[in-house]
Amino acid sequence: MSKVQTSIENLKINLGEAPAAAAEKKTTRAKQAKEIKETSLNVTEADWERVLLMKNSNPDMVKIRDVRESWRSGDTLPQAKFSKTEALRMWKRFSIERREQTLIDMVANTPKNYTLIQDEAALDTMVELMEKEPIISVDTETTGLDLFGIDHLVGLSVTLPVADLHYYIPTRHDEGKQIPNDVVMNKLRPCFENPAIGKVLFNAKFDTHVLINEGVRLNGLAADAMIIMWLLSEDLLSYRLKDLATKFLKEPSDTFAELFGKNCKFNTIPLDIALAYAAKDTDLTWRFYQWQLSHLSKDKLKEVHTLYKTVENPLVEVCINMEQTGFIVDTKFAKEYGDILKAELAEAEAELWNYFPKDINFNSPTQLKKIFYEDWQLPDISKKQSTDADTLKRLNDEVEHDGIKTLLRYRELTKLVGTYVDKLPNNIKEDGRLHGGFKQNGTVTGRFASNNPNLQNIPTLARRLFIAPPGQIIFGADYSQIEPRVLAHISGDEHFREPYNKGIDLYATLAAKVFKKPIEECGDGTKLRKMMKVGLLAVMYGTTMRTLAKQLRISVEEAEQFIEDFYISYPQVGLWIKSVWEQVKRDEFVTTMYGRKRRFPGHGQQAIQYDKLAKEICERLGVEKLPSNIWAFKKELPYKLKRAFQDVKGKVERVRRMAVNAIIQGSAADVMKLALIRLDAAATTLGYAMLATVHDEALLYVDENITVEEVDFLEEAMTGACTLDIPVKVDAMFTYRWGENELNKKEWFSRDKK
DNA sequence: CGGCTGGGCCAC
DNA sequence: AAACGTGGCCCAGCCG
């Protein structure tokens, strides 16, 4: 048996897979169950794509492809009469064979310039070469993803592009000769911490956290290929390096889970396999980055490249800082508050039993649906037997049922307890802090996303669990009305800009103008002002008249009149929106203020089809303007035409809404990202820590004795992040406990100190 | 059991 | 015939 095959056999034992001979004997139920379980895993789109790639070399695979297509289309193909189970078994057999074969091939074909570093002399040679490189690629291998918890580094790979050498340095593998971890870290530290040596990574945030745990602060991030990819194509299904390499470099590459199984830890991988896998990571990262650069240098992507260099790349450090800081959670308070809420919940539940039959689960929409619409025969307002809050409220308006009211209260409480008050403390790590994730590439528009846990959707009532460490406070700075301001700036509407330039209330001014009422009747708290707020959102997000009517509890005709009046008062806004529709029809993408793109491939054709059918409808009816409800014309328009138009209309209007929204939301996100970079720099000079961002606000931990000058300095970092044609306003907030007793700047500095 | 989906709901 | 943009998490219920 060759060395490679020995490694594979060892690996199989590590993976818990019995050798082939033993497998045949044992066919217990448990084992079958396990097999089914494994079979159901990992049959992803990417798997199937690879099956298609391999079909020429293995005719059997064609059958599997056919089976899959037949599942999708809902027919059975005559040449592929397999049950789903049989097909999955075939897939399983194939993938295990392939996995083994891939590993054998991978090790056998390990490139000559991949080197395993197992002794200090070799490491010294590598470091010497590394110091001559202007830019290198780095990647880490770990036991898992819980970096603030149990998981840690087991080895790292480095690519030296000039020398064309690729290394893997194992430090904590279970078996094989290795250099002690601290020795490796000490030797790498000077180069890794030297900002003059550029680093190219794939998901740099992850590796930087890993290295921080080892006492090394990676500096000089030159590029994060994952973030660049997202700027080049914001809505790919997968942003895994291996999938991208397969897709764009035309180099079929398997992900870790595909090669080793989902539950495998990297420290169990034999070193010869680890080298072939891990050195390829940095090799691919570097090559992928070069491929990206070849695109970014094109004229039409210059702006995107600039956006990357000036915003997204420096922002990676800010994300790392926010995640490192982490929130302090008041666990004692969480417990007390949880108990109070649970008592209220028990009360609500006891009350619910007065109205609902025994043994029903109030958390189950399926069961509630049956009671509301079958047993109680309530009118189906939503037309889909919904039991959501909106429907329940409207139902209650009609039938006045205490059970419905209590159910709403029950829902509120279960959400608060079950998702936040009880659950958030579970995320606290050994350092006593909660480190949520901030993903700068988490959305298609450019906004941040947050997870594990999501810190961007904490309800006001649950925010009070988050506190500042002793001697510090939470400082918040949020942009006031950033999205309407962006609209005012981009649309160039003088009237729309007026309230901002004069420093008066936007919504009151808009309402007065649109409703033709004196401004006194549109002030704070008035109905007209509230209506205007909803109306402006509808304009920005492209709400349909039907929904707007529902929200404002007015008729569809009144809603149409409302929006028409708005466009008469603010004609440039309407013209700008139409210009966006034209842009997206022509280019199939739109661009934010800072050059971020949102793409809508295929929209051009759809828009042309839309125009064609719209024209036909107008001609048949002999009208200029497309009627809002074509279904009213029962005889005048053939069903087929109406149906075809409705189809394309839905798609085209959806893209139009998304395009308008992407520019507004995306530009606001650009501004916020710039602001975060400046804030991070300002915070660093003051010795403060970035904590979080919630779309239009940034949170920091600062000294409770922060000075007015320091606050001015932080505020300026935000206000100075952009220059719009109108003023930008930032509101500062000071508190010991998030969401509670929040003071503004004036209040904070004039408060009575205890 | 573990993955997946749909309904519901929190934030901006 | 009909859906307001961007997200993530929890629970039921289903599947293999």
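**Entry 1: DNA strand C**

I began with the surface near DNA strand C, where H28 gives the most, with 5 residues. Helices (H or I, at least four residues) and strands (E, at least two) are DSSP runs, numbered from the N terminus. A residue is near a molecule or strand if one of its heavy atoms lies within 4 Å of it.

I note that this is a predicted model, in which local features need pLDDT of at least 70 and side-chain atom pairs count only at pLDDT 80 or more, while totals for chains, interfaces and linings use all residues. Residues are numbered from 1 along each chain as its sequence is written, chains are lettered from A and ligands numbered from 1 in the order in which they are written, and side-chain values use heavy atoms, with hydrogens and water left out.

I then listed the surroundings of DNA strand C: there are 37 residues, of which Ser364, Thr543, Thr544, Thr547 and Gln551 come nearest. Of the strand C atoms that come within 4 Å of the protein, 70% belong to sugar and phosphate. By class, I found 7 nonpolar, 21 polar and 9 charged residues on this surface. Ala, Val, Leu, Ile, Met, Phe, Trp, Tyr, Cys and Pro count as nonpolar, Asp, Glu, Lys and Arg as charged, and the others, Gly among them, as polar.

Next I looked up polar contacts, which are pairs of N or O atoms within 3.5 Å; within protein, one must be able to donate a hydrogen and the other to accept it, and residues adjacent in sequence count only if both atoms are side-chain atoms. The side chain of Asn361 has an N or O atom 3.2 Å from a phosphate oxygen of DNA strand C. For Arg657, the side-chain N or O atom is 3.3 Å from a phosphate oxygen of the strand. Gln665 places a side-chain N or O atom 3.2 Å from a sugar or linking oxygen of DNA strand C. Two or more residues of this surface come from each of helix H16 (365–375), H18, S10, helix H24 (545–552) and H28.

**Entry 2: DNA strand B**

I counted 20 residues around DNA strand B, the closest being Lys262, Thr387, Ala389, Arg447 and Asn457. Here sugar and phosphate make up 85% of the strand atoms that come within 4 Å of the protein. The residues of this surface divide into 7 nonpolar, 6 polar and 7 charged.

Helix H18 (402–421) and helix H19 (460–463) each supply at least two residues, and H18 gives the most, with 3.

Which part of DNA strand B does the side chain of Asn457 approach with an N or O atom? I found a base oxygen, at 2.6 Å. A base oxygen of the strand also lies 3.3 Å from a polar side-chain atom of Lys415. For Arg411 the partner is a phosphate oxygen, 2.9 Å from a side-chain N or O atom.

**Entry 3: H28 and other helices**

I returned to H28 for its packing. Two packed helices are described by the angle between their axes and the distance between the axes. Axes are lines fitted to C-alpha atoms, for helices over the stretch in contact, and angles run from 0 to 180 degrees between N-to-C directions.

Helix H26 (residues 571–587) packs on helix H28 (residues 639–686) at about 110°, with the axes 9 Å apart. H26 and H28 are therefore roughly perpendicular; angles under 35 degrees count as roughly parallel, over 145 as roughly antiparallel, 65 to 115 as roughly perpendicular and the rest as oblique. The contact (heavy atoms within 4.5 Å) includes Trp576, Ile577 and Val580 of H26 and Val655, Arg656 and Ala659 of H28. I noted 10 nonpolar, 1 polar and 1 charged residue in the contact of H26 with H28.

The axes of H28 and helix H29 (residues 708–719) come within 7 Å and cross at roughly 155°. That makes the two helices roughly antiparallel. Among the residues in contact are Met672, Arg678 and Leu686 of H28 and Glu710, Phe713 and Met718 of H29. The contact of H28 with H29 has 10 nonpolar, 1 polar and 3 charged residues.

**Entry 4: Backbone**

I found a cis peptide bond from Asn452 to Pro453, with omega near -5°. Pro453 lies in the loop between strand S10 (449–451) and H19.

Asp164 is not a glycine, yet I found a positive phi of about 55° for this residue. Asp164 sits in the loop between strand S3 (153–160) and strand S4 (165–170).
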